[in-house]
Amino acid sequence: MITKHKHLLYNALFLIGCAALLLFLWYAPPETTSHLPHDQNHARFMTMKKKEAEKSCESCHAPGKEAPLPENHPPKYRCLFCHKQK
Ligand code: HEC
Ligand code: HEC
């Protein structure tokens, strides 16, 4: 008897878990991270392989360079996963 009830409980918890996950995905905010700008500075990166292009970003986007990242910038490993190329 007891084990039977436990099964019911776990099934219920599982369903609640699924519902929560669905709701979370449903309400997730739309993607807002800025894309790679379409300008002369960035044109050559649009068609490059991501890994290749990312080697160059910090020649401009680093402290003391022409366009340093904002202070509250998230962890910046792999620029182009967040800042899409198109
Ligand atoms: C030759 C210098 C240079 C290089 C190299 C460069 N950038 Fe930039 N980037 C700039 C400058 C200057 C700005 C600010 C003005 C602008 O929006 O173009 C900028 C702006 C940006 C922005 C902000 C766009 C916005 O909407 O405000 C993003 C994102 C960005 N760069 C990503 C990258 C990534 C990723 C790379 C590497 C693939 C890269 N940049 C390489 C000079 C550079
Ligand atoms: C984990 C995701 C992520 C990664 C990786 C990342 N960024 Fe960002 N970046 C963001 C977010 C979020 C912002 C906040 C403003 C926005 O929405 O663009 C931002 C802002 C910027 C800005 C300022 C643009 C603006 O709109 O004011 C630049 C420039 C930039 N990132 C360049 C880079 C470069 C260059 C790299 C790699 C060295 C990089 N980012 C890696 C998420 C990321």
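## A salt bridge within helix α3

E52 has a relative accessible area of 44% and is therefore partly exposed, and in this predicted model its side chain takes part in a salt bridge with K55, in which the closest N and O atoms are 3.3 Å apart. K55, for its part, counts as exposed because its relative accessibility is 63%, a value that lies over the 50% cut-off for that class. Both E52 and K55 belong to helix α3, which spans residues 50–57, and they are separated by three residues, or about one turn of the helix.

By the rule applied here, the count comes to three salt bridges. In general terms, side chains of opposite charge can pair when their charged atoms come close.

## A buried pair: E54 and R78

Helix α3 also contributes E54, which forms a salt bridge with R78 at a distance of 2.6 Å between the closest N and O atoms. Because E54 lies in helix α3 whereas R78 lies in the loop between α3 and α4 (79–82), the pair ties together parts of the chain that are 24 residues apart in sequence.

Both partners fall under the 20% cut-off for burial, since E54 has a relative accessible area of 12% and R78 has a relative accessibility of 17%.

## A pair within the loop between α3 and α4

A further salt bridge joins the side chains of K76 and E58, with an N to O distance of 3.3 Å. K76 and E58 are each placed in the loop between α3 and α4, yet they stand 18 residues apart, and the pair accordingly links distant parts of the chain.

With a relative accessible area of 43%, K76 is partly exposed, and E58 is likewise partly exposed, at 40%.

## The iron site of ligand 2

Two histidines, H73 and H83, coordinate the iron atom of ligand 2 through their NE2 atoms at 1.9 Å. The arrangement around this iron atom is octahedral because its six donor atoms subtend angles of 88 to 180°; for comparison, the ideal angles for six octahedral donors are 90 or 180 degrees.

H73 is located in the loop between α3 and α4 and H83 in the segment after α4, so the two histidines tie together parts that are 10 residues apart in sequence. As for their surroundings, H73 counts as partly exposed at 27% relative accessibility, and H83 is also partly exposed, with a relative accessibility of 24%.

Definitions and conventions
Residues numbered from 1 in each chain as written. Chains lettered and ligands numbered in written order. Predicted model: local features only at pLDDT ≥ 70, side-chain atom pairs only at ≥ 80, totals over all residues. Heavy atoms only, no water. Salt bridge = Lys/Arg side-chain N within 4 Å of Asp/Glu carboxyl O. Helix = DSSP H or I, 4+ residues; strand = E, 2+ residues; numbered from the N terminus. Buried < 20%, exposed > 50% of the residue type's maximum accessible area, 1.4 Å probe, protein only. Donors = N, O, S within 2.8 Å, 3.2 Å for Na, K, Ca; no water. Tetrahedral: all angles 85-135°; square planar, octahedral: opposite > 155°, others 65-115°.
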